[in-house]
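Here are my notebook entries from a session with this structure. I kept them short, and I hope they read easily next to your viewer.

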Amino acid sequence: MINYDLMKKEAQALGVELDDYALDRFDTYAERLVRWNSHVNLTAITEPDDIVVKHFADSLYILKHIDLQRGQSIVDVGCGAGFPSLPVLIAMPEIEVNFVDSVGKKLAFIKDVLRSNGLFGVVTHMRAEEMGKQWEFREYYDYAVARAVAPLNMLCEYCMPLVKVGGMFVALKGSSGKEELDNAQNAIKLLGGEVIRFEEYTLSNGDKRSIVIIKKISQTPTKYPRKSKKIDTKPL
């Protein structure tokens, strides 16, 4: 379904080398995405080249900026159709990923892609603010990642409690990333974070994107995350 040469070229531009097995997995992922999308609302992007550039390559952009190591853990908050962590897992199958979403049908899709590709990942049907209060998840992960889930000041409260001290929260945003980052400064500080990188970039098709990387430098106060209604109505 996908153009293997395009996928390989897009990954190489980010310093990611994909073998034939990984390319086959991306192809299966794209095929399943289009098939499932006919009855589950996963994406508005269904053209094969657009899937490669706007979903797969954009997700892999994370690997240009973090030194992800074998055995490290990622929690993908509001994972939806698996972006960004499922493409990252395909590129690096030796990492540990927990896919988190409150919508069961989306997690069923993730399970299908994992099973079809012979990949291992944990799938958690839970709201992030509930997960952040549970000891087995709180401050456990090396990385939390999220893509287009909520404004950054709110997203920080969902994600930062899940990151261990010394770990990082990586947010993939659109062209509004700088404005969102400015509005999130108070939240980042309150939750124990420090911005170590912000970069605006352009996908090969011309779409504008941005990435925010926040390092966890101290423990998140136990009162966070608050209940979702409070996060929505009184963001930090």
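**Entry 1: the hairpin**

I started with tyrosine 201 and looked up its bridge partner in strand 7, which is arginine 209. I then checked how the two strands run: strand 6 (residues 193–202) and strand 7 (residues 208–216) are antiparallel, with nine bridges joining them. Five residues sit between the strands of this hairpin. I also noted that glycine 206 takes a positive phi near 100° there. A reminder to myself: this is a predicted model, so I am reading computed geometry throughout.

**Entry 2: a parallel pair and its crossover**

Next I wanted to know in which sense strand 2 and strand 3 pair. Strand 2 (residues 96–101) and strand 3 (residues 122–125) are parallel, and they pair over four bridges. For aspartate 101, I found the bridge partner in strand 3 to be histidine 125. Following the chain from strand 2 to strand 3, I passed through helix 6, and this β-α-β crossover is right-handed.

**Entry 3: salt bridges**

I listed the salt bridges and got 14 in the structure. The idea behind the list is simple: side chains of opposite charge can pair when their charged atoms come close.

I looked at aspartate 58 and arginine 147, where the closest N and O atoms are 3.1 Å apart. Which parts of the chain does this pair tie together? Aspartate 58 belongs to helix 3 (residues 48–60) and arginine 147 to strand 4 (residues 141–147), so the salt bridge connects parts 89 residues apart in sequence. Both aspartate 58 and arginine 147 are buried.

While in strand 4, I also checked alanine 146, which lies in that strand. Alanine 146 has a relative accessible area of 1%, so I put it down as buried. From alanine 146 to glutamate 194 I count 48 residues in sequence, and their C-alpha atoms are 17 Å apart in space.

Then I turned to arginine 32, which forms a salt bridge with glutamate 31 at 4.0 Å between the closest N and O atoms. Glutamate 31 has a relative accessible area of 26%, so it is partly exposed.

Arginine 115 and aspartate 112 form another salt bridge, with 3.5 Å between the closest N and O atoms. Both residues lie in helix 6 (residues 104–117), three residues apart, which is about one turn of the helix. Is each partner buried or exposed? Arginine 115 is exposed at 60% relative accessible area, whereas aspartate 112 is buried at 9% relative accessibility. Through shared partners, salt bridges join Glu31, Arg32, Arg35, Asp112 and Arg115 into one network.

**Entry 4: aromatic rings**

I counted eight aromatic pairs. Tyrosine 29 and phenylalanine 109 make a tilted pair, 6.2 Å centre to centre with 40° between the planes. This pair links distant parts of the chain, since tyrosine 29 is in helix 2 (residues 20–37) and phenylalanine 109 is in helix 6, 80 residues apart. I found tyrosine 29 buried, and phenylalanine 109 too.

Why is the pair of tryptophan 36 and phenylalanine 109 edge-to-face? The planes of these rings are at 65°, and over 60 counts as edge-to-face. Their centres are 5.7 Å apart. This pair also links distant parts of the chain, tryptophan 36 in helix 2 and phenylalanine 109 in helix 6, 73 residues apart. Tryptophan 36 is buried, as is phenylalanine 109.

Tracing the ring pairs further, I got a cluster of Phe26, Tyr29, Trp36, Phe56, Phe83 and Phe109. I made a separate note of arginine 25, whose charged end sits over the ring of tyrosine 21, 4.3 Å from the ring centre.

**Entry 5: asparagine 37**

Asparagine 37 lies in helix 2. I looked for backbone nitrogens close to a polar atom of its side chain and noted two residues. The backbone nitrogen of leucine 42 lies 2.9 Å from such an atom, and that of threonine 43 is also at 2.9 Å.

**Entry 6: helix 8**

Last, I asked how many residues of helix 8 (residues 152–159) are buried. The result was eight of the eight, so helix 8 is largely enclosed by the rest of the structure. Among them are Leu152, Met154, Glu157 and Tyr158.

Methods. Residues are numbered from 1 along each chain as its sequence is written. This is a predicted model: local features need pLDDT of at least 70, side-chain atom pairs count only at pLDDT 80 or more; totals for chains, interfaces and linings use all residues. Side-chain values use heavy atoms; hydrogens and water are left out. A salt bridge is a side-chain nitrogen of Lys or Arg within 4 Å of a carboxyl oxygen of Asp or Glu. Buried means under 20% relative accessible area, exposed over 50%, partly exposed in between (1.4 Å probe, protein chains only). Two strands pair if DSSP finds at least two bridges between them. A crossover is right-handed if, with the strands pointing away from the viewer, the path from the first strand over the helix to the second runs clockwise. Rings of Phe, Tyr and Trp (its six-membered ring) pair if their centres lie within 6.5 Å; planes under 30 degrees apart count as stacked, over 60 as edge-to-face and the rest as tilted. A charge sits over a ring if NZ of Lys or CZ of Arg is within 6 Å of the ring centre and within 35 degrees of the ring normal. A polar contact is a pair of N or O atoms within 3.5 Å; within protein, one must be able to donate a hydrogen and the other to accept it, and residues adjacent in sequence count only if both atoms are side-chain atoms.
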